[in-house]
Amino acid sequence: MSKAEAKESKSTLEKTSVAEIGSPYDILGCGPRIKRLTTWEPERWGQSRDALSAAGLPPSSGESKRFHTWEDLSSGILSQAYYAAKDMARGNLTRGHFLVLAGPTGVGKTHLAMAIAWEWFDDGFNVLFSRADDLLDWLRQGYDDNTYHKRFESIRRRSLLVLDDLGTEQAKDWAGEKLDRIVDWYYVNCLPLVVTTNAKSEELAERVASRLADKSCSVVVQIDTEDYRTHAVAG
Ligand SMILES: Nc1ncnc2c1ncn2[C@@H]1O[C@H](COP(=O)(O)OP(=O)(O)OP(=O)(O)O)[C@@H](O)[C@H]1O
Ligand SMILES: [Mg+2]
């Protein structure tokens, strides 16, 4: 390639690159599909311990629950789950802004959900990882100290919300009604949401299940495989 051609191809590249100036994606040239839904937040780099706790991520999981510690890609469904989670972690939401990891116990749903949350957190985004029931308990405590609305807003303001272990809370219960509102907020605003659950779709509250199964915006991976906990011990 001549120098002139090289210069021309460089300037074409510069024109087509739409990564925000100064962001790591600009430097790495990873392109526009990465986490474009939220504003670049350079001030969030160098996350503090407070930020970690606000994100709900257990510090011990920072080493262990990662994509590089995911071992088994032998079965089709495990690699499907892994790559769907990878897409979400990179902010590649072209297949949908919802990811639902469903299946029996010990198949790695929480592991992948945490790995996603960690990548967003490391990239400086305002993520929240929480078990669904813990989140609802925390929200309910807001009635005691008059911070309910503040807490509710803080759940809705996240760049990425990860609801681990979504249960069978029904719409008529307090918990079910709140979950409905939270999921609906992420649904109507096309915001990224990751859900893990042991429950079958028909066991979930109908309105929540319907949104989570919406093929136009949700990737659902049903991980029907062996329990890694017992399988790993057995070798
Ligand atoms: N493919 C895998 N590679 C490496 N570790 C794995 C894999 N699958 C599961 N694990 C590990 O096995 C343990 C159980 O996984 P995890 O907690 O993610 O399961 P789960 O599907 O969320 O189960 P539950 O429904 O009981 O919450 C974790 O320590 C996790 O790190
Ligand atoms: Mg789990």
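In this predicted model, strand 2 runs alongside strand 3 (residues 160-164), and the two are joined in the parallel sense by five bridges. One of the residue pairs can be picked out by name: Ser130 has Leu163, in strand 3, as its bridge partner. Pairing of this kind, whether parallel or antiparallel, goes through backbone hydrogen bonds between the strands of a sheet.

Stepping back to the whole sheet, five strands are arranged in the order 2-3-4-1-5, and the sheet they form is open, with parallel pairing. Its edges are taken by strand 2 (127-131) and strand 5 (218-222), each of which pairs on one side only. From one strand to the next, the twist averages 10 degrees.

Among the helices, a helpful place to begin is with helix 5 (residues 76-89) and helix 6 (residues 109-122), whose axes come within 9 Å and cross at roughly 20 degrees. Because the angle is under 35 degrees, helix 5 counts as roughly parallel to helix 6. The crossing of the two is right-handed. On the side of helix 5, the contact is made by Ala81, Tyr82, Ala85, Met88 and Ala89, while helix 6 brings Leu112, Ala115, Ile116 and Glu119. Sorted by class, the residues where helix 5 meets helix 6 comprise eight nonpolar, no polar and one charged.

A second helix pair worth a look is formed by helix 7 (residues 132-141) and helix 8 (residues 148-156), which pack with their axes 7 Å apart and at an angle of about 150 degrees. Here Leu135, Trp138 and Leu139 of helix 7 meet Tyr148, Arg151, Phe152 and Ile155 of helix 8. The contact of helix 7 with helix 8 comprises six nonpolar residues, no polar ones and one charged residue.

How far the model can be read in detail depends on its confidence, and where pLDDT is low the predicted coordinates should not be read closely. For the protein chain the average pLDDT is 83, with 78% of the residues scoring at least 70. Residues 9-33 have a pLDDT below 50, and in the model this stretch makes 16 contacts beyond near neighbours in sequence. Residues 36-45 also have a pLDDT below 50, and that stretch has ten contacts beyond near neighbours in sequence.

Key:
Residues numbered from 1 in each chain as written. Chains lettered and ligands numbered in written order. Predicted model: local features only at pLDDT ≥ 70, side-chain atom pairs only at ≥ 80, totals over all residues. Pairing = 2+ DSSP bridges. Helix = DSSP H or I, 4+ residues; strand = E, 2+ residues; numbered from the N terminus. Axes fitted to C-alpha atoms, helices over the stretch in contact; angles between N-to-C directions. Parallel < 35°, antiparallel > 145°, perpendicular 65-115°, else oblique. Left-handed = near helix turned anticlockwise from the far one by under 90°. Contact = placed C-beta atoms within 7 Å. Nonpolar A, V, L, I, M, F, W, Y, C, P; charged D, E, K, R; others polar. pLDDT = per-residue confidence, 0-100.
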